[in-house]
Amino acid sequence: MSRADAEGVAPVANTAGADPVIVGMEVLIEDVRFSYPSGVEAVKGVSLSIRPGERVAIVGQNGAGKTTLVRQLNGIFRPTSGRVQVGDWITSEHTIAELATRVGYVFQNPDEQLFARTVRADVEFGPRNLGLDSAQVARRAETAIEAVGLSGVADLHPHHLSLSERKRVALAGVVAMGTPVVVLDEPTTGQDAAGVDMIAQVVAALTDAGRTVIAITHDMEFCAEHFDRVIVMAGGQVLVDGHPRDVFVRDAELDAAAVEPPQLTRLARALGWDDQPLSAEEFVGAFARRGAHS
Amino acid sequence: MTSTLYLDRRSPVHRLNPVTKLVAMLTIVVIVFAVPLWWVAGLIVVGVVVPAAVVAHCGGRLLSLSLKLLLPIIVVLVLVQGLTFPGGKTVLAEWGVLALTTEGLLFALGIGSRIVCLVLTSVLFVLTTHPGDLMGALTERGMSPKFSYIISSTLQLIPAFRDRADGILLAQQARGLAVKGSPLARVKVMMPLLGPLVLGMFTDVEERSTAMEARGFGSAARRTALIPVPDSTAQRVSRWLMLVLAVAAIVVPIVFGVL
Amino acid sequence: MISLTDVSYAYPDAEALTLEHVDLEVERGSIAGIVGASGAGKTTLAKIIAGFIPHADGGELSGTVRVDGRDLSTGSLVDAVSVVGLVIQNPFNQISGAKYTVREEIAFGLENFGTPRDEMQRRVDEVAALLRIEHLLDRSPYALSGGQQQLVAIASMIVLRTPVIVMDEPTAQLDPAGTRMVFDVLSALRETGITIVIFEHKLELLQQHADRLHVVADRSIVLSGAPDDVLADDRLAQWAVGTTRYVTAGRLARERGLLPPEVPLPVSFEQAERVFDRERSVR
């Protein structure tokens, strides 16, 4: 991805002049608990610290509390106890709209998010809310739409696109806001191979520019190949948190969370290798080393 | 999600066949309109509706809902009819052109008591009858399944629609849309969201119709029901009796000119 | 069981064909996996197999579509749906909206076909146990998560026991455990003679469960074959279809001269275990 692309998707909100310098922001989650009005406690004491520019994948079964946890970051939910801090802001002291300048959130179901008459207008909605001038809004939207591979359909109504395309429109709409933190809820579901690649490139461009990406995913290959930190959740708690290489060997915790390691990691273990290859590249590298040694 | 006003309680009233309750409600409607005596409506309220509400454990909810519906109507009725009734002779109090008259108040009582009776009866019906059960019972009696589907699905889809509107609003707030507290401001913010919401619902309706057809909705077979609708001879007999009562309420005053 | 011969289709008022010269054969009691880039025409193909095209959507359909020996384009949609069940993508839109519990929701189709009550009860319980959703039976279908709604949508269709079931990405909202369970259920249904056509992106599971794979690209079916042959095909990338990581690793090892070209590319876990182990022992 070129520098220009990264710049287009990266800047943080600013109303004055040219697109400003990128600022990363730390996310702190301190002993957060959350109960729904029904009384069900979905998050049971989670503490995390996420540095600027990290690529964090949150994995676990449906109902493990993943979505409930990330929704604390932009104020859709407020902790029942504990606190969440984004940069110098404590989320409970800010509105969802204010937090939207710091945390972008891509919903799992794009139909809950898209509403404008054209793809372009929808993507421009977020940046416009930040008070950017129309030239900046247009530039950001253009770059974001290009990044998700939808330039050809920018002037169509989102309802004329397929579900996988609509998901990428929703992603572009949040990327264009230039928030320091971007949360993605199941970004790869329903995507074909090309779609997954495109989303992976967007994630890389965001974090290269110093922005934090936090993604909920069931797609372990996507997780292993494109993230440098994996958080395994079950029953509203964090079971393991670390580099994919260290996480995907924790059999007991993975079992408890019903998470299966990625294909090649499983294969390497079955072969008795002690490396933890996360991609085809690493796997073949490990294979080559073994060939040379024996 | 509560999609209707239905209160899930175990009571003999809840267990009645929905058609029995429907017939009872319609009989009351007919009687109250055919017999323009305020005390008949009053008697039905005291003698039928209130005991039924007590048995059904729905008294509190019935009272609060009905008050919300009735209070404005009663106030307007008393003010307008009591003060400006054209045939008013017995003046109780007077302010310029406005005069509170006994005739006016009596007229308001006549209309008001019937409205109170009708509102209480229909609210109690809605509180104790699950719309799904009602539709099932009516389909069993030969009502078109398509008609029954339209009614029940509309009842369920309204809250689904509201949830979706809330969801979209939330998603836009997450993209920096500021929503201020006042209801007027909220409506203003919602306006641009409505078009796409409706459009989205249309696409949904199309997809849903595909899904329903795939499950045999167009089938000409005689429908069966998973959950049987309870009925009894006593209920069947009482439905016929109520019918007779309703007819009598219409015929008797005309033929005998009693009223 | 399913036989499409030279099928072409254009939506009403569309200038271009959505599908062109499609040939597809699916044997009775088998699972056919259909893969392809999004926008390649998969949903249209699903609707053709299920008879919704041309009965519901109209448009220009040419060629023949035979399912269970019948020409679906003759007869009515009701005839078609009593042979082919269709599970669409969005689970939310498969909830009838007329039922207040999952139990009644699953029975909705059976009621439409006039199934006797005791048989309905038995079949609903059976299918709920199969998909492990007994605990949801008394809940409102609207009070469920997307994944749970997806399971209810699948249950609502397989309870009808149509000889053919077409599923358009039925596991998109499920977690890996849920997905695996659905595939296991489909395999069990196949054993009872039911024919299944499944549109999916989850290739490792298709490799394990499908009897044949068909690739949709350029408005047609461009490749059909055993999963192992299809997933090892060099042209998949050009059709924007992925493959398993075992194939990717095998190909990379081959390019670097670490695997001799005569060794077939490993498609599954077991094959990869053999290929990469044997290579080590050879050295």
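Which side chains of chain B and chain C meet in a salt bridge? Let's work towards that pair and then look at two further contacts. This is a predicted model, in which local features need pLDDT of at least 70 and side-chain atom pairs count only at pLDDT 80 or more, while totals for chains, interfaces and linings use all residues. Residues are numbered from 1 along each chain as its sequence is written, chains are lettered from A and ligands numbered from 1 in the order in which they are written, and side-chain values use heavy atoms, with hydrogens and water left out.

**Exercise 1. Describe the interface of chain C and chain B.**

Step 1: start with the contacts (heavy atoms within 4.5 Å). Here 37 residues of chain C touch 36 residues of chain B.

Step 2: turn to area. The size of an interface is often given as the accessible area lost when the parts come together. Buried area is that loss for a 1.4 Å probe, summed over both parts. For chain C and chain B the figure is about 3,100 Å², with 58% from carbon and sulfur atoms.

Step 3: look for salt bridges (a side-chain nitrogen of Lys or Arg within 4 Å of a carboxyl oxygen of Asp or Glu). The count is one, and the partners are Arg215(B) and Glu105(C), at 3.0 Å from N to O.

Step 4: find the elements, with helices taken as DSSP runs (H or I, at least four residues) numbered from the N terminus. On the side of chain C that touches chain B, two or more residues come from each of helix 3 (77-81), helix 4 (102-112), helix 5 (117-130) and helix 6 (146-158) of chain C. Helix 4 of chain C gives the largest share, 10 residues.

Step 5: sort by class, where Ala, Val, Leu, Ile, Met, Phe, Trp, Tyr, Cys and Pro are nonpolar, Asp, Glu, Lys and Arg are charged, and the others, Gly among them, are polar. This side of chain C has 19 nonpolar, 11 polar and seven charged residues.

**Exercise 2. Do the same for chain C and chain A.**

Step 1: contact joins 36 residues of chain C to 34 residues of chain A. The buried area is about 3,000 Å², of which 59% falls on carbon and sulfur atoms.

Step 2: the interface of chain C and chain A holds four salt bridges. Glu281(A) pairs in a salt bridge with Arg256(C), their closest N and O atoms lying 2.7 Å apart.

Step 3: at least two residues each come from helix 7 (176-191), helix 10 (245-255) and helix 11 (269-282) of chain C. Helix 11 of chain C contributes the most, seven residues.

Step 4: by class, the side of chain C that touches chain A has 16 nonpolar, nine polar and 11 charged residues.

**Exercise 3. Show how the two domains of chain A meet.**

Step 1: an automatic or database domain assignment sets the bounds, giving domain 1 (3-261) and domain 2 (262-294) of chain A. Their C-alpha centres are 31 Å apart, and the contact takes 12 residues from domain 1 and 10 residues from domain 2.

Step 2: together the domains bury about 990 Å², 55% of it on carbon and sulfur atoms. In domain 1, Glu221(A), Arg245(A) and Pro261(A) lose the most area to domain 2, together 48% of what that side buries.

Step 3: there are three salt bridges between the domains. Arg266(A) and Glu260(A) form a salt bridge, with 3.8 Å between the closest N and O atoms.

Conventions: Buried area is the accessible area (1.4 Å probe) that two parts lose on being put together, summed over both.
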